[in-house]
Amino acid sequence: MDAQCWPSLTELNEIREKVSKMANVNTEEVRVVVSPYRICPLGAHIDHQGGTVLAMTINKGILLGFAPSANYQVVIHSGQFQGEIKFRVDEIQQPKDKCLAKDSSELHEQCDWGRYARGAVYALQSRGNNLSKGITGYICGSEGFDSSGLSSSAAVGVAYLMALEYANNLVISPTENIEYDRLIENEYLGLKNGIMDQSAILLSRHGCLMCMNCKFGNMQTKDYKLVYQPKVLEYKESEQPKATSILVALSGLKQALTSSPGYNKRVGECREAAKILLEASGDYRTEPILSNVDPEVYEAHKHKLEPNLAKRAEHYFSENMRVMKGLEAWSLGKLKDFGMLISASGRSSIQNYECGCEPLIQLYEILLRAPGVLGARFSGAGFRGCCIAFVEAHLATQAASFVRTEYLKVQPELASRIHNDTAVIICDSAECARVI
């Protein structure tokens, strides 16, 4: 599949026409931010602990057409949501927790779909950037991917950042935007996630795995690398697949991550486990995240952790090891080994991180039985959304049909909520976020 088929020329022209009418400008003056979704084959749930992750972008995502305003005004329409978002970039934006004392109408507005646009302004303001121009824009996501768990929130945040920066002639590096999007999610919205999502969206390249050390502060030192697969000619007579596709299988479960207590609870449990392990080794000063715990310290003191904390720590250390092995397998073209590690990551997410619910677990198990699937796991936080799988390219259509049929048998109600054409989507890797 050609990674350049998204966005299509038709999609781009439709968005430019909409913004042209909204802003009363020529279509040539309209720019479009292409902000792809990401998958995380390995490194699940360890970025917030400063672990190492493997991620890549796919050829589906967020499109934000925009034209710079002549003044401070921001006006946004959405392809997925009703209504209009309107505010000014010279208004001081407050984080979510500082808005709780406001009246209910204002609180409702802060919680609507425009919060990411406001969050982008907040992030840029908080670092002293001068915003003198707003944007008139139209934002939409790839069909079928609503609440998929593929980092749509980070893709939206990045899109608004890049549009506002373009409109205000701000030259911001990708690594700086990683930090800005972290401010949107961590400070403005109050979500305790790491930097993996925005890093993948801003740094990936087509055909690559992005390997990033997410230890806090490393976004400033560019501690990441892009790893390509060997060229087809280098496979010779090996039994490894020569081409793969990515399956995205939707569960039909939709719930916003920030409204689920499970995610933040598990982050807290990881930090509590790190604190116990560090203090058991005599270290009372180091920040309690699991990447600050040496593996030797973990092995020596893990028996001191109560069962839930022991499981969280086991997931972190075993997942970090799978990342290292997966990176090697990918670079050598050993895609079967790579797939097995992905599936092992999925099992650890269920057993040790204890995420996912019955429908997602069933979907994961169905993918493992599908023809040509090399490996599968949950995507996102595992509390809703989808599963992803790497599949031999020539069997992708057959595998997708198998998954649709089998999931309908075990979850007929949830499956009926998903349009058949978008229940299982065949994707390819893609380029990073950009303005075109």
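A salt bridge here is a side-chain nitrogen of Lys or Arg within 4 Å of a carboxyl oxygen of Asp or Glu. Keep in mind that you're looking at a predicted model, where local features need pLDDT of at least 70 and side-chain atom pairs count only at pLDDT 80 or more, while totals for chains, interfaces and linings use all residues. Residues are numbered from 1 along each chain as its sequence is written, and side-chain values use heavy atoms, with hydrogens and water left out.

**Salt bridges**

Select E299 and K302 to start: they form a salt bridge, with the closest N and O atoms 3.2 Å apart. K302 is partly exposed at 33% relative accessible area, the scale being buried under 20%, exposed over 50% and partly exposed in between (1.4 Å probe, protein chains only). Next, pick E269, K311, R312 and E354, which salt bridges with shared partners join into one network. The total count is 16 salt bridges.

Now go to helix 5 (residues 174-188), where E179 and R182 sit 3 residues apart, about one helical turn. Helices (H or I, at least four residues) and strands (E, at least two) are DSSP runs, numbered from the N terminus. The closest N and O atoms of the E179–R182 salt bridge are 2.9 Å apart, and both residues are buried.

For a long-range pair, show R205 and E431, whose closest N and O atoms are 2.6 Å apart in their salt bridge. R205 is in the loop between helix 6 (196-203) and strand 6 (208-213), and E431 is in the loop between strand 11 (424-427) and strand 12, so this pair ties together parts 226 residues apart in sequence.

**Strand 1**

Select residues 31-42, which make up strand 1; 11 of its 12 residues are buried. Add strand 2 (residues 52-68): the two pair antiparallel over 9 bridges, pairing meaning that DSSP finds at least two bridges between the strands. Look for V33 opposite L64. Strand 12 (residues 434-435) also runs antiparallel to strand 1, joined by 2 bridges, and there R434 is the bridge partner of V34.

**The cores**

What should you click on in the largest nonpolar core? Among its 120 residues, Y160, V248 and L290 touch the most other members. Helix 4 (residues 152-167) gives this core its largest share, 11 residues. A nonpolar core is a set of buried Ala, Val, Leu, Ile, Met, Phe, Trp, Tyr and Cys residues joined through side-chain atoms within 4.5 Å.

Centre on Y160: beyond its neighbours within four places in sequence, Y160 is in contact (heavy atoms within 4.5 Å) with residues including L64, W113 and I139. Last stop: another core lies apart from that one, with 12 residues, among them L12, I15, Y138 and C140.
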